[in-house]
Amino acid sequence: FQEAIAAGERIFELLDTTADIDDGPDAVKLPPLLGDVRFENVHFRYGTGDKVLQDVTFRMAPGEVVALVGPSGAGKTSIANLLCRFYDPIDGHITVDGIDLRQAELRSLRSQVAVVLQDTFLFNVSVRENLLHGKPDATDAEVVAAAKAAYAHDFIESLPEGYDTEIGERGVKLSGGQKQRLALARALLADPRILILDEATSSVDAEAEYLIQQALDAVLKGRTALVIAHRLSTIRNSDKIIALEEGRIVEIGDHRELMERGGLYSQLYQRQIELAG
């Protein structure tokens, strides 16, 4: 009983915590987004630490796939965090369809943004319930269609109870590639206008990566996407590649342009090719 009281105190302390990021008094409910994202002279730091982003300016046009590359600590995940408005920049502006994120209602923003992380979180319930987390009122037909688009339907059907199979805490009964494809199906079911993929293929084997890459082609179609990748082979076909170093943008272009330029991206790509060899 005493242990439960101590645990309860910590839980309620967390629940009572006031969020640092919240809707302002004049927050605007976002309409269905086109997905035109702009970072304009953005500077950012966590707390009172050093700046992790400095003077970052770029545009993601509607339906465009933009990849972020660079060494660890360059600021790639910080850009994703700012786009979800988990934090606000200390200077500069981030807009979506011309509306500053500080003025946007959080629920209306985040309902149109989906994030697929390297470490996929799945609940200890059935496959179907995990997928419905992306869209609770989806029909069975929509669930199956999303799973097929993410190349997950076949392995789901092979499970003991199909879509009603319980997958264990954090999806422990599934392989890494299967969990990632479920995460992509969940994102696809939510039908976001903006999709963020943070190292979504970095922790799986080559066969799983191939299937996930096939799924991504379907998931990314018609959506504005921000892709963070260490495996540079997975982002060669991106519309735009942004190379970051120490919180600054040092290069922007497509794969061919950046390889010809011989800068940071070319060096990172060549290094991965040599390591793979």
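I began with serine 78 in this predicted model, and I found that its relative accessibility is 6%, so serine 78 counts as buried, the cut-off being under 20%. I then placed serine 78 in the chain and noted that it lies in helix H2. Looking up its distance to glycine 253, I recorded that the two residues are 175 apart in sequence and 21 Å apart in space, taken from C-alpha to C-alpha.

I next asked how many residues of helix H2 are buried. Helix H2 spans residues 76–83 and is mostly covered, with seven of its eight residues buried. I listed these as Lys76, Ser78, Ile79, Ala80, Asn81, Leu82 and Leu83. Going on past the helix, I noted that arginine 85 follows H2 and has a positive phi, near 55°.

I turned to leucine 15, which lies in helix H1, residues 2–15. Its relative accessibility is 61%, and because exposed means over 50%, I entered leucine 15 as exposed. I also found leucine 15 in a nonpolar surface patch of about 350 Å², which is made by Ile11, Phe12 and Leu15.

Last, I looked at how helix H5 (residues 140–149) and helix H7 (residues 176–190) are arranged, and I noted that they pack at an angle of about 130°, with their axes 8 Å apart. At that angle H5 and H7 are therefore oblique to each other. For the handedness, I wrote down that H5 passes H7 in a right-handed crossing.

Terms used: Residues are numbered from 1 along each chain as its sequence is written. This is a predicted model: local features need pLDDT of at least 70, side-chain atom pairs count only at pLDDT 80 or more; totals for chains, interfaces and linings use all residues. Side-chain values use heavy atoms; hydrogens and water are left out. Patches are made of residues with over 30% relative accessible area and no salt bridge: like charges are joined within 9 Å, nonpolar side chains (Val, Leu, Ile, Met, Phe, Trp, Tyr) within 5 Å. Accessible areas come from the Shrake-Rupley method with a 1.4 Å probe; for residues, only the protein chains shown count as cover. A salt bridge is a side-chain nitrogen of Lys or Arg within 4 Å of a carboxyl oxygen of Asp or Glu. Helices (H or I, at least four residues) and strands (E, at least two) are DSSP runs, numbered from the N terminus. Buried means under 20% relative accessible area, exposed over 50%, partly exposed in between (1.4 Å probe, protein chains only). Axes are lines fitted to C-alpha atoms, for helices over the stretch in contact, and angles run from 0 to 180 degrees between N-to-C directions. Angles under 35 degrees count as roughly parallel, over 145 as roughly antiparallel, 65 to 115 as roughly perpendicular and the rest as oblique. A crossing is left-handed if the near helix is turned anticlockwise from the far one by less than a right angle, and right-handed if clockwise.
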